[in-house]
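User: I'd like a close look at one part of this protein, the charged pairs, along with whatever surrounds them. Please walk me through it in one go.

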Amino acid sequence: TPNPSATTTTTSTTTGTPPGTDASLPDGAAPDASLPDASLPDGAAPDGAAPDAADAAPPPPAPPVVSPNVWLDARKIPATTTTLRTWTDSTANGANATSLAALTFSPTAVGGRPGVVFVGDASQALSIPAAKVPPFRAFAGAGYAVFMVAAYKDTAARTAQAVLFARRASTGIFPALERVGLQLTMNNTLTEVAAELTSFSGTQVTVEAKAATPTKTAPHLYVVHGVGGAVTLRVDGAVVQTASGFVENNFPTNADLPLDIGAYTSTTAAQFGLVGAIGLVAVYTRPLSVAEVAAGEAATKAAWGIP
């Protein structure tokens, strides 16, 4: 019967392996601290060691440039959401976008990333109250920029353009008469995207260019940048066209009607509705430099997987 109080001494016959050294390593070698410990959960690190960068959580969503007036970001919509009628503004300005009909939220709608889905129904147009969005001005030290990440699904020819966003206003002289002050639309064949700025006098500046790759569900970054009396359309980080010569008057500065997203709220005509998904809308009503816009594009493209 073994004696619990007895002490047994064992003498090792192995030589050349000092205590604390891994016998599988060459003499005198120590374990490589950079190698992961198989006994730890994936992404975990031994005490005192930095976590594996590949397993670290992604950074939280951020706007393209700091301090937007409006920031709608599908990445900030709770993953458990299935439908919504209000897309909550992530700034402190409370510029929430609301629709008459519910829209679907999908965590993979925009190139595998989150997006709010539009099916071409005019009642799905999201609307931000006019009081929440200052005027889009590009003169006298003013400026604006609108960043949008969108993926269009409908590749068939349409009867009219598809609205990405539109800022309307009344003329001031005839309050019942509405015109679009600034808008971004896709043409009826979905091969071109155009930014248009219109004045009450009828003067119109149009920037138009073909979209980079009008393929089904492919996400793109669109930026409309206004500064110094010019308006520039940028697609996926590249300048497509700049137009100048616009003479500002009371029409675009009035901005007394809402900012629409996905369709016009001023008409029930279904042909203006976007068929696709939007992941990001960021609006700035202050002048941004070209360097700020370019840096914002680079960060946004990286975050949304846009080449």
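How many salt bridges does the structure hold?

Analyst: Keep in mind that this is a predicted model. The structure holds two salt bridges, so let's take them one at a time, using under 20% relative accessible area as the cut-off for buried.

Start with Asp73 and Arg75, whose side chains meet at 2.6 Å, N to O. The two partners sit in different settings because Asp73, at 1% relative accessibility, counts as buried, while Arg75, at 23%, counts as partly exposed. Asp73 also falls within the range of strand β1 (residues 70-73), which is where confidence is highest in the protein, at a mean of 98.

The other bridge joins the side chains of Glu297 and Arg234, at 2.7 Å, N to O. Glu297 belongs to helix α2 (residues 290-304) and Arg234 to strand β12 (residues 230-235), so this pair ties together parts that are 63 residues apart in sequence. Here Glu297 is buried, with a relative accessible area of 2%, and Arg234 counts as buried too, at 7%.

Now for the nonpolar surroundings. In soluble globular proteins, nonpolar side chains tend to be buried together. In this model, the largest nonpolar core has 44 residues, and the members that touch the most others are Trp87, Ile128, Leu164, Leu184, Val224 and Ile278. Strand β6 (residues 143-152) gives this core its largest share, five residues. Ile278 is a handy one to click on: leaving out residues up to four places away in sequence, Ile278 touches a list that includes Ala74, Trp87, Val110, Phe118, Met148, Leu164 and Ile261. Apart from that core lies another, of 18 residues, with Phe147, Val149, Ala277 and Leu280 among them.

How far can you lean on all this? The protein averages a pLDDT of 76, and 64% of the residues score at least 70. Confidence is lowest in helix α1 (residues 250-254), at a mean of 49. Two stretches also deserve a note: residues 28-45 have a pLDDT below 50, with eleven contacts in the model beyond near neighbours in sequence. Residues 174-178 are likewise below 50, and that stretch has nine such contacts.

Key: Residues are numbered from 1 along each chain as its sequence is written. This is a predicted model: local features need pLDDT of at least 70, side-chain atom pairs count only at pLDDT 80 or more; totals for chains, interfaces and linings use all residues. Side-chain values use heavy atoms; hydrogens and water are left out. A salt bridge is a side-chain nitrogen of Lys or Arg within 4 Å of a carboxyl oxygen of Asp or Glu. Buried means under 20% relative accessible area, exposed over 50%, partly exposed in between (1.4 Å probe, protein chains only). Helices (H or I, at least four residues) and strands (E, at least two) are DSSP runs, numbered from the N terminus. A nonpolar core is a set of buried Ala, Val, Leu, Ile, Met, Phe, Trp, Tyr and Cys residues joined through side-chain atoms within 4.5 Å. Contact means heavy atoms within 4.5 Å. pLDDT is the predictor's confidence in each residue, from 0 to 100.
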